[in-house]
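This report describes selected local features of one protein model. It treats enclosed and open spaces, a buried arginine and its surroundings, a helix and its cover, the cysteines, and some backbone details.

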Amino acid sequence: MPRPPLRNESVPPELAGALDRAVRGLFGVSWGQARAWIERGKVRVDAQAVTVPTARVTAGQRIEVDERGARPRAAGAGRGELGDDQIVHVDAHVVVVDKPSGVSTIPYEEGETDTLDARVRAWLERRNKSAGGHGKHGGRGGRPALGIVHRLDKETSGLVVFTRTWLAKQSLSNQFRHHTVERRYLAIAHGDVRSRTVRTFLVEDRGDGRRGSARGTHPEKASGAREAITHVERIEPLHGATLVACRLETGRTHQIRIHLSECGHPIVGERVYVRGFAGTLLEAPRLMLHAAELGFEHPATQHPVRWESAPPADVQAVLTRLRA
């Protein structure tokens, strides 16, 4: 006799919002386990499979977890596709993309295939075929060359650059290494945030199992410590939060998330770096962080180039709600 689903529960009003939060609360599992179940097709909402952890659920909907469930396959190629409007700039050397939330920049887990770099390669292949080309940048007989020089977290949206030549990768890698790339992010952070510059030394484990800032008299001497500098600019006060712009002088993993959280202002939608936060966590469909500006010296022309991206609809919706 087949084993029934693990559990089948109704969403109470206090757990309405993001699906991963509801699964965690209903079934008493960790954030990681909740997201893994969802992304692997183990969770159904009102009998429909949902594989996006930040999908919204409302009070009264029924959530079913079945550990035997298989990830549903999308029609066609089984992966998302980039629209032409998401390709901000493309030339023989670089591709600048407006990344949607919910997709990893590169594979994070074994077997993960629907990633941003895969979508960009697919877009380049389609473009090349429609133009009848088959040169060194892709098309018939070869996979489009694509280099990774930086990443955005899966939930973060906004501007990412990929390289298409060895020269471009060397140039941009060097610019990122010397912190000359212009990167400005918009974030909605809890509380009343004031403009400031945050400078710490980040380590893999700050002492509580989380990545964070080293403590003590000489934090720069901590094992694996790397300097991280974030310039925070107050943009607009909101109800219970603040819209801020964060300019990165360095680019460490989770740098903005950690710095804002350690200052007592975790980003709205944050689910990792919220330990010890005494305030009320505001609801959001995902991490409210958007890479809004990207600028660098073009590897071929050596001229400065720069692009901007407006916050997507989910960020705009949270802003509208918190302005009310």
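**Cavity and pocket**

The model is predicted. A search of the whole structure finds 1 cavity of 30 Å³ or more. About 30 Å³ of space lies in this largest cavity. Its lining consists of His 150, Leu 159, Arg 183, Tyr 185, Ala 291, Glu 293 and Leu 294. Strand S11 (182-190) and S16 are the elements that give two or more residues to this lining, and S16 gives the most, with 3 residues. By class, the residues around the largest cavity divide into 4 nonpolar, 1 polar and 2 charged.

Among the open spaces, the second largest pocket holds about 160 Å³. The residues that line the second largest pocket are Arg 21, Trp 31, His 190, Gly 269, Glu 270, Arg 271, Val 274, Leu 281, Leu 282, Glu 283 and Ala 284. This lining has 5 nonpolar, 2 polar and 4 charged residues.

**Arg 286 and Glu 155**

Arg 286 is placed in the loop between helix H5 (255-262) and strand S16 (289-297). Arg 286 counts as buried because its relative accessibility is 2%, below the 20% limit. Its side chain reaches the backbone oxygen of Glu 155 at 3.0 Å. Leaving aside residues up to four places away in sequence, Arg 286 touches Thr 54, Ser 101, Glu 155, Thr 156, Ser 157, Val 268, Gly 269, Arg 271, Pro 312, Asp 314 and Val 315. Two of these contacts, Gly 269 and Arg 271, also belong to the lining of the second largest pocket.

Glu 155 itself is found in the loop between strand S9 (147-148) and strand S10 (157-163). With a relative accessible area of 18%, Glu 155 is buried as well. Beyond residues up to four places away in sequence, Glu 155 touches Thr 54, Ser 101, Gly 102, Arg 271, Arg 286 and Leu 287. Thr 54, Ser 101 and Arg 271 therefore appear among the contacts of both Arg 286 and Glu 155, each counted at heavy-atom distances within 4.5 Å.

**Helix H5**

Helix H5 is mostly covered, with 7 of its 8 residues buried. The buried residues are Gln 255, Ile 256, Arg 257, Ile 258, His 259, Leu 260 and Ser 261. Their cover includes S11, strand S12 (196-203), strand S13 (212-213), strand S14 (226-237), strand S15 (241-248) and S16. S11 and S16 are thus part of the cover of H5 and, as set out above, they also contribute to the lining of the largest cavity. Just after H5, Gly 264 takes a positive phi of about 90°.

**Cysteines**

The structure holds 0 disulfides. A disulfide is a covalent bond between the sulfur atoms of two cysteines. For Cys 246, the closest cysteine sulfur is that of Cys 263, and the separation of 9.6 Å is too far for a bond, since a disulfide requires the sulfur atoms to lie within 2.5 Å. Seen from Cys 263, the closest cysteine sulfur is in Cys 246, again at 9.6 Å and too far for a bond. Their surroundings can be stated as follows: Cys 246 is buried, with a relative accessible area of 0%, whereas Cys 263 is partly exposed at 25%.

**Backbone details**

Two residues other than glycine have positive phi values, as tabulated here.

| Residue | Phi | Location | Relative accessibility |
|---|---|---|---|
| Asp 46 | near 50° | loop between strand S3 (43-45) and strand S4 (48-49) | 38%, partly exposed |
| Gln 302 | near 65° | loop between S16 and strand S17 (304-308) | 44%, partly exposed |

The loop that holds Gln 302 begins after S16, the strand that gives the most residues to the lining of the largest cavity.

Where does Glu 39 lie? Glu 39 is part of helix H2 (residues 31-39). At 12% relative accessibility, Glu 39 counts as buried. Glu 39 and Pro 53 are 14 residues apart in sequence, while their C-alpha atoms are 6.9 Å apart in space.

Technical notes. Residues numbered from 1 in each chain as written. Predicted model: local features only at pLDDT ≥ 70, side-chain atom pairs only at ≥ 80, totals over all residues. Heavy atoms only, no water. 1 Å grid on protein atoms, 1.4 Å probe; cavity = no way out; pocket = protein on both sides within 12 Å on 5 of 7 lines; lining within 4 Å. Points joined across faces, edges and corners; volume = space filled by probe spheres on them. Nonpolar A, V, L, I, M, F, W, Y, C, P; charged D, E, K, R; others polar. Helix = DSSP H or I, 4+ residues; strand = E, 2+ residues; numbered from the N terminus. Buried < 20%, exposed > 50% of the residue type's maximum accessible area, 1.4 Å probe, protein only. Polar contact = N/O pair within 3.5 Å; in protein donor to acceptor, adjacent residues only side chain to side chain.
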